[in-house]
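Subject: Structure for your review

Dear colleague,

Please find below the structure that I agreed to pass on to you. My notes on what was found in it follow directly after.

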Amino acid sequence: METYLEKHIDNKRFDQLKIPFACVATDLQTGERVVFREGLVALAARASATIPGLFEPVLFRHRYLVDGGLVSNNPTDLVALLGADMIIAVDVTSDLTRFEPSNIIATLNQAISIQSESKSQEELARADFVVRPRLGDITAMDLSRSAECIDAGSLSTRHAVPGIKRTLVDKNIAEILRYSRS
């Protein structure tokens with residue numbers, strides 16, 4: 001994944017990005033949330049998406065880092081820190097009731113999903129708007145189904161545009177009225 005990203009984003013550093021970006025990983029030894037806002041984007045993104053038990057942890061500054069979703073699946077607080085006027089979150093939580101224990105990795109993933117669900121709901125509550133793609137039976141373990149996830153996300157986002165616009169207007173109505181009067 002890191003090689004793929006390096007190739008497609010030209011080995012960029014965070015300070016070279018046009019849009020402010022941050023991502024989160026989890027320190028496997030301490031359980032701490034590790035926030036990446038500087039350095040190489042590809043390394044940070046790889047650490048942020050390293051599913052425990054499926055991929056080897058990323059060694060970074062004497063820390064073993066894995067998927068940030070363990071401690072912060074929807075880091076809406078980071079978006080606010082980056083200066084966003086409006087926070088649009090995407091909830092990619094799978095329907096936990098569809099789980100069928102087919103192997104140890106799937107069982108581990110389900111346990112992680114259950115553990116992070118309540119924290120994720122707290123984080124989503126801080127968003128101004130939440131897009132919820134219909135993922136059906138797709139889980140984080142279904143890496144071969146990424147195209148379906150992208151399609152579901154695109155479709156959900158297109159359908160969400162009117163709601164996002166309403167939220168943006170509602171959030172900024174006082175400012176809009178002030179400009180219209182002058």
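In these notes, a residue counts as buried when its relative accessible area is under 20%, as exposed when that area is over 50%, and as partly exposed in between. By this scale aspartate 128 is partly exposed, because its relative accessible area is 29%. Please keep in mind throughout that this is a predicted model.

The four-stranded sheet

The model contains an open sheet of four strands in the order E2-E1-E4-E3, with antiparallel pairing. Strand E2 (33-36) and strand E3 (58-60) stand at the edges; each has a single partner strand, so one side of each lacks a neighbour in the sheet. On average, neighbouring strands of this sheet are turned by 45 degrees against each other, direction ignored. Strand E1 (residues 23-27) runs antiparallel to E2 and is joined to it by four bridges. Valine 24, for instance, has valine 35 in E2 as its bridge partner. As general background, strands of a sheet pair through backbone hydrogen bonds, either parallel or antiparallel.

Helix H2 and its cover

Helix H2 (residues 41-48) lies across E1, E2, E3 and strand E4 (63-67), and runs at about 55 degrees to E1. How many of the eight residues of H2 are buried? Seven of them are, so the helix is largely enclosed by the rest of the structure. The buried residues of H2 are Val41, Ala42, Leu43, Ala44, Ala45, Ala47 and Ser48. Their cover includes helix H1 (2-9) together with E1, E2, E3 and E4.

Glycine 68

Glycine 68 is found in the loop between E4 and helix H3 (76-81). This glycine counts as buried because its relative accessibility is 2%. Leaving aside neighbours within four places in sequence, glycine 68 is in contact with Val24, Ala25, Thr26, Ser48 and Asn73. Of these contacts, Ser48 is also among the buried residues of H2. The C-alpha atoms of glycine 68 and aspartate 27 are separated by 8.5 Å, although the two residues are 41 residues apart along the chain.

Salt bridges

A search of the whole structure finds six salt bridges, and three are described here.

Arginine 63 meets aspartate 27 in a salt bridge between their side chains, at 2.7 Å from N to O. Since arginine 63 lies in strand E4 and aspartate 27 in strand E1, the pair ties together parts that are 36 residues apart in sequence. Aspartate 27 counts as buried, with 3% relative accessibility, whereas arginine 63 is partly exposed, with a relative accessible area of 24%.

The side chain of arginine 63 also forms a salt bridge with that of glutamate 32, at 2.5 Å from N to O. Glutamate 32 lies in the loop between E1 and E2, so this pair ties strand E4 to a part of the chain 31 residues apart in sequence. At 39% relative accessibility, glutamate 32 counts as partly exposed. Asp27, Glu32 and Arg63 are thus linked in a network of salt bridges.

The third salt bridge joins lysine 171 and aspartate 128, whose closest N and O atoms are 3.3 Å apart. Lysine 171 lies in helix H5 (residues 146-171) and aspartate 128 in the loop between helix H4 (104-125) and strand E6 (129-131), so the pair ties together parts 43 residues apart in sequence. Lysine 171 is partly exposed, with a relative accessible area of 42%, and aspartate 128 is likewise partly exposed, as noted above.

Aromatic pairs

The structure holds two aromatic pairs. Phenylalanine 14 and phenylalanine 21 form a stacked pair, with 5.7 Å from centre to centre and 10 degrees between the planes. Phenylalanine 14 is buried, with a relative accessible area of 7%, while phenylalanine 21 is partly exposed, at 37%.

In the other pair, the ring centres of phenylalanine 36 and phenylalanine 60 lie 5.1 Å apart and the planes stand at 55 degrees, so the pair is tilted. This pair links distant parts of the chain, with phenylalanine 36 in strand E2 and phenylalanine 60 in strand E3, 24 residues apart. Phenylalanine 36 counts as buried, at 4% relative accessibility.

With kind regards

Notes:
Residues numbered from 1 in each chain as written. Predicted model: local features only at pLDDT ≥ 70, side-chain atom pairs only at ≥ 80, totals over all residues. Heavy atoms only, no water. Pairing = 2+ DSSP bridges. Helix = DSSP H or I, 4+ residues; strand = E, 2+ residues; numbered from the N terminus. Axes fitted to C-alpha atoms, helices over the stretch in contact; angles between N-to-C directions. Contact = heavy atoms within 4.5 Å. Phe/Tyr/Trp six-rings, centres within 6.5 Å; stacked < 30°, edge-to-face > 60°. Buried < 20%, exposed > 50% of the residue type's maximum accessible area, 1.4 Å probe, protein only. Salt bridge = Lys/Arg side-chain N within 4 Å of Asp/Glu carboxyl O.
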